[in-house]
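Open your viewer and keep the selection panel handy. We will walk through the nonpolar interior and then call in at some aromatic rings.

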Amino acid sequence: MNEKTVKLLEFDAIRGRVAACALSGEAASRILAEEPKRDGQEVLYLKGLVSAILDRMNTGEGEKRDSLPDIGALLPKLGVEGAVLEIDEAYALGVFIERGEELKKWLSKGENKLTEAEALPDCQDLAAGIFRVLDKDGNLRDLSEFREIRRRIQTLTKDLENAGARYAANDETRRMLQSGIPSQRDGRMVLAVKANFRSRVRGIVHEVSATGQTVFIEPEEVVEKNNELLIENRRLDAEIRRVLRELTGRIAACRETLGAFHSGIVYLETLRARARYGFETKGCFAQEDAERSLVLKKARHPLLGSGAIPLDFTMDGLTRTVIITGPNTGGKTVALKTAGLLAMMNQFGLPLPAEEGTCIPVFDGIYADIGDEQSISQSLSTFSSHMTNIADIAGKAGEKSLVLLDELGSGTDPEEGSAIAMAILDYLIEKKTRLIITTHHGILKNYGYTRENVENASMEFDSRTLSPTFRIVMGIPGESRAVDIAARNGLPGDIIARARTYLAEEQTDVSALIAGLKEKRRELDAAAEAGRAETRRLLEERRKTDLKELRLRQKELYLKTEGAGNLRRLLEESRKQLENLVREVKEGELTREKTLKVKEFLSDLENSVQAENAELEREEESLAEERRSMEAVTDRGPGIGQGKGPLVLEAGTEVLAGESRRRGRVLRSGKKGSWIVEIGSLKMSFPEKDLIPVYPVKEERKPLISQADLAPSAPVQLELNLRGMRFEEALEALRQQIDAAVLSGIREFAVVHGKGDGILQKGVHDYLGNEKAVADYYFSRPELGGFGRTEVILK
């Protein structure tokens, strides 16, 4: 990326914040040295890794955040023959390996494990070897090699302390000493003797104080013990050196493995730092669509903190240039910087301070000319500085570049500045460069209306409060409002009044046109918001209807079960009574009383059965009435509710028949309140309560298509199952399904996408919403799949 642009967009500050999230100084240095990537596949791969780590942080899966010591400088030392690591160096290696293994383990467990972490070599045995020599605090362990020497050193040290104590305990010698506590000089025990008693203490003089009042003497009786102590200390040092040399040799034998492990852990830490930055800022990753649209949704400048006002900005794949106009201090430059900075952050693999739905393509270069860079030392005026920068940008920018130009054409005569600005735009548009510019030149607003693939935008200004709202309005140019802003900033009223007079004399109808466009835009926005509110209301009604449908089905099941139970009980009781009657008849002669009893039983049985049937019919009629009233309001099938006036059942009436609500046409009335209905090639009889009259569908004449014009397509399915497919594969399968259905004349089918995280569900609905062949779509009823299945109706 252009270094000048990195500085102008303050990307260094973002990179510094990411580096501060690293737990390793080496990882932080690597982050600070990295540049945003330019290859789309590399950016996608990097964001995938960071996203996987961020998901782990959001689930709180036991991340350990211990710092990693810097060991990069120690690795070359292992390659030097005869080199010996110091204790603190060996300890740093052990700690790095141990904590690196913890990071590797954390990233390798679970479903979304990182293969990059799994592929790292195992260095746990190396760490175990280091900590057999050192303890967890970095001190040498009490190894058997050191034990005898240390015991001898302790004995000699105690003997020397006793010898010094004898001098302090003796009244005769105590008055000769400046201090009763022995001192150390060059590792040897000495006594601080008063200078006037120097001759009274026989021994070796090691030092005299600066004042000459104290002489440090090693008494003769401790000279030999001091010598032994010195020898034992040297023996201990040599033994420690030997152990460290052997340890260094074992580590050096694994130097290549350790080097690969070190490099991999530092790389993983740079990824974890990016994820930690996103976790702390609660950002989301930008997507990239096939059209390379630049869409910012509620995007905030990351360096402005909580005071940043969210921006919405849309630049579709066909639009090559957006010209932003509007008032001073209205936020044009901030909008420009926000777009450029977020594009750089996206290519650095960072989550962005924006909402889901933000799309940013990968650019091979991001260039900016922002601010006043007047240079006295180089004899450059403001205008000359801008032209120098733009000349450099024009030579480097290409089709996949993003160019940000602030106050294009300013700093010189407005007429000439506008001409140069339009020429620059023409040149860069011919190169198909993506451009976002800000300006106050009125002629450039007209340029935005008269050029293809160029769109105007403005920073909204509240005329009631005479202050900017910092909101971008796409499609409409803005006014500079210089006089209003000057008045707000304290310019005297006389000056303001005279300025308005001059302005009124030369002002054209442009301001009135812009005001009218803004009002129209506000009306459109209000209508769009009302439409969204209506959509939300209809979805809520659909949800309530689905729940009501579920309750009705549950009630149906209950009634059927209860009815079957009542019939079973009735049959059992009737059977017992009948058996008793038969037994009575068999036991004696047939009398009139017995005959009447049998007839009475049969009559009671018939009445009971009729009563049960009547009760079931009443319940069924009640349920059918509820279902008809519900479906008359909420059913989304084609042809329902498209006419006027009530419908009656008669020959020729189109109906939805049975529980499956299949469309058919009534042929004639049948027996006992039923109707004969033709469904496709079948003729079936249905009770009147199972038929719902609907208005006929208007047939649309379709152009004839010869078989030679048809490309081979996938066979149409009544239920398309997308579960288990990748996102792109799923959308391609859905596209082929719609094409095949249109060609086959099938107007309804279902799509099974599952619920999961809702990504595939949202993608399917977004695709169906933009597909011209789709008339309507909605979630299936709960018993058919609910929110995991979508019904599709074609035009």
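A residue counts as buried when its relative accessible area is under 20%. With that cut-off, start at F11: its relative accessibility is 0%, so F11 is buried. Bear in mind as you go that this is a predicted model.

Next, add F348 to the selection. At 1% relative accessibility, F348 counts as buried too. The ring centres of F11 and F348 are 5.3 Å apart and the planes meet at 85°, so this pair is edge-to-face. The two partners come from distant parts of the chain, 337 residues apart: F11 sits in helix α2 (residues 11–20), and F348 in the loop between α13 (332–347) and β8 (365–369). Stay on F348 and show R274, which lies over the face of that ring, 4.3 Å from its centre.

Now for the core. Select I251, L268, F313, M345, I360 and I436: these have the most contacts inside the largest nonpolar core, which has 112 residues. Colour helix α12 (residues 255–281) as well, since it supplies the largest share of this core, nine residues. Then zoom in on I360; beyond its neighbours within four places in sequence, its contacts include A286, L294, L342 and L352. Another core, of 19 residues, lies apart from the largest one; pick out I390, I393, L408 and M422 among its members.

Two last stops remain. F779 and F787 make an edge-to-face pair, with centres 4.8 Å apart and planes at 85°. Here F779 is buried at 16% relative accessible area, whereas F787 is partly exposed at 42%. Finally, select K136, which lies over the face of F131 at 4.0 Å from the ring centre.

Note on methods: Residues numbered from 1 in each chain as written. Predicted model: local features only at pLDDT ≥ 70, side-chain atom pairs only at ≥ 80, totals over all residues. Heavy atoms only, no water. Core = buried A, V, L, I, M, F, W, Y, C linked by side-chain atoms within 4.5 Å. Buried < 20%, exposed > 50% of the residue type's maximum accessible area, 1.4 Å probe, protein only. Helix = DSSP H or I, 4+ residues; strand = E, 2+ residues; numbered from the N terminus. Contact = heavy atoms within 4.5 Å. Phe/Tyr/Trp six-rings, centres within 6.5 Å; stacked < 30°, edge-to-face > 60°. Lys NZ or Arg CZ within 6 Å of the ring centre and 35° of its normal.
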